[in-house]
Amino acid sequence: MTAEQRLLRIELPDNAPLPSPYAEADRTQAVADLLAANHFDPVGLPPGPYALHLEVRDGRLVLDIRSAAEQPLRIIALALGPFRRLIKDYHMVVASHEEAVMEGSSDARIQAIDMGRRGLHNEGAELLRERLKGRIAMDFETARRLFTLVCALHQRI
């Protein structure tokens, strides 16, 4: 793993606010964490770092990989079908967590919901890595944070 094989910048379609402050904070934190530490190694491309333009278009997740100078390098489009159940479940868990916090639920209930959220994150990260196998190598934490952004993007459809 070299220092060049990383994301330098993440570009999302727009900065319109998400449906809740919690969802907005989740997206903002995922971007910040990704930029702080990641491993992103597109197979067959020159060394990075890279800029990633991420969007949902025509029912597909589009990863537009560019050089640090914004020169287009490769576009990868993934069908969202395999992710739909996970994304739906993730949004339900996020809404449950937000509701539990607002209602002042017990710490045990909030922690249980958060454990479910982490489990969905892990499952989404593994699916993302599997679907990108042979095209983009990434570590587990990078995949988890990218899955958070996929969920945030899917919410806008």
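Which residues in α2 meet which residues in α4? I started my notebook with this. The model I am reading is predicted.

**Entry 1: α2 against α4**

I listed the contacts between the two helices. On the α2 side I found Arg84, Leu86, Ile87, Tyr90 and His91, and they meet Phe147, Thr148, Val150, Cys151 and His154 in α4. Sorted by class, this contact of α2 with α4 has six nonpolar, three polar and one charged residues.

Then I looked up the geometry. The axes of α2 and α4 come within 10 Å and cross at roughly 85°. That angle falls in the range 65 to 115 degrees, so I noted α2 as roughly perpendicular to α4.

**Entry 2: aromatic pairs**

I searched the whole structure for aromatic pairs and got two. I wrote down Tyr90 with Phe147: the ring centres are 5.9 Å apart and the planes stand at 75°, so this pair is edge-to-face. The cut-off for that label is over 60 degrees.

Where do Tyr90 and Phe147 lie? Tyr90 is in helix α2, residues 84-103, and Phe147 is in helix α4, residues 140-154. The pair therefore ties together parts that are 57 residues apart in sequence. I also checked burial, and both Tyr90 and Phe147 are buried.

**Entry 3: Ile87**

Ile87 is another residue of helix α2. I looked up its accessibility: the relative accessible area is 1%, so Ile87 is buried. Setting aside residues up to four places away in sequence, I found that Ile87 touches Leu80, Phe147, Val150, Cys151 and His154. I also noted a distance to Gly124: Ile87 and Gly124 are 37 residues apart in sequence, and their C-alpha atoms are 8.1 Å apart in space.

**Entry 4: Thr148 and Arg117**

Next I took Thr148, which sits in helix α4. Its relative accessible area is 6%, so Thr148 is buried. Not counting residues up to four places away in sequence, Thr148 touches Asp26, Ala30, Tyr90 and His121.

Is Arg117 buried or exposed? I found a relative accessible area of 12% for Arg117, so this residue is buried. Arg117 belongs to helix α3, residues 107-131. Leaving aside neighbours within four places in sequence, Arg117 is in contact with Tyr22, Asp26, Tyr90, Val93 and Val94. Asp26 and Tyr90 appear among the contacts of Thr148 and among those of Arg117.

**Entry 5: salt bridges**

How many salt bridges does the structure hold? I count nine. Side chains of opposite charge can pair when their charged atoms come close.

I looked at a network first. Arg9, Glu11, Asp64, Arg66 and Glu70 are linked in it by salt bridges. Within this group, the side chains of Glu11 and Arg9 meet at 3.8 Å, N to O. Glu11 has 29% relative accessibility and counts as partly exposed. Arg9, with a relative accessible area of 24%, is partly exposed as well. Arg66 and Asp64 form a salt bridge at 2.8 Å, N to O. Asp64 counts as buried, at 11% relative accessibility.

I then noted a salt bridge in helix α2. The side chains of Asp89 and Arg85 meet at 3.2 Å, N to O. Asp89 and Arg85 both lie in α2, four residues apart, which is about one turn of the helix. Asp89 is partly exposed at 23% relative accessibility, and Arg85 is partly exposed at 48%.

**Entry 6: backbone exceptions**

Most residues other than glycine have a negative phi, and most peptide bonds are trans. I looked up exceptions.

A cis peptide bond joins Gly48 and Pro49, with omega about 10°. Pro49 lies in the loop between β2 (40-42) and β3 (50-57).

Asp58 is not a glycine, yet its phi is positive, near 55°. I placed Asp58 in the loop between β3 and β4 (60-67). At 75% relative accessibility, Asp58 counts as exposed.

Glu70 is not a glycine either, and its phi is positive at about 70°. Glu70 is found in the loop between β4 and β5 (72-79). Its relative accessibility is 26%, so I entered Glu70 as partly exposed. Glu70 is also one of the residues in the salt-bridge network of Entry 5.

Technical notes. Residues are numbered from 1 along each chain as its sequence is written. This is a predicted model: local features need pLDDT of at least 70, side-chain atom pairs count only at pLDDT 80 or more; totals for chains, interfaces and linings use all residues. Side-chain values use heavy atoms; hydrogens and water are left out. Rings of Phe, Tyr and Trp (its six-membered ring) pair if their centres lie within 6.5 Å; planes under 30 degrees apart count as stacked, over 60 as edge-to-face and the rest as tilted. Buried means under 20% relative accessible area, exposed over 50%, partly exposed in between (1.4 Å probe, protein chains only). Axes are lines fitted to C-alpha atoms, for helices over the stretch in contact, and angles run from 0 to 180 degrees between N-to-C directions. Angles under 35 degrees count as roughly parallel, over 145 as roughly antiparallel, 65 to 115 as roughly perpendicular and the rest as oblique. Contact means heavy atoms within 4.5 Å. Ala, Val, Leu, Ile, Met, Phe, Trp, Tyr, Cys and Pro count as nonpolar, Asp, Glu, Lys and Arg as charged, and the others, Gly among them, as polar. A salt bridge is a side-chain nitrogen of Lys or Arg within 4 Å of a carboxyl oxygen of Asp or Glu.
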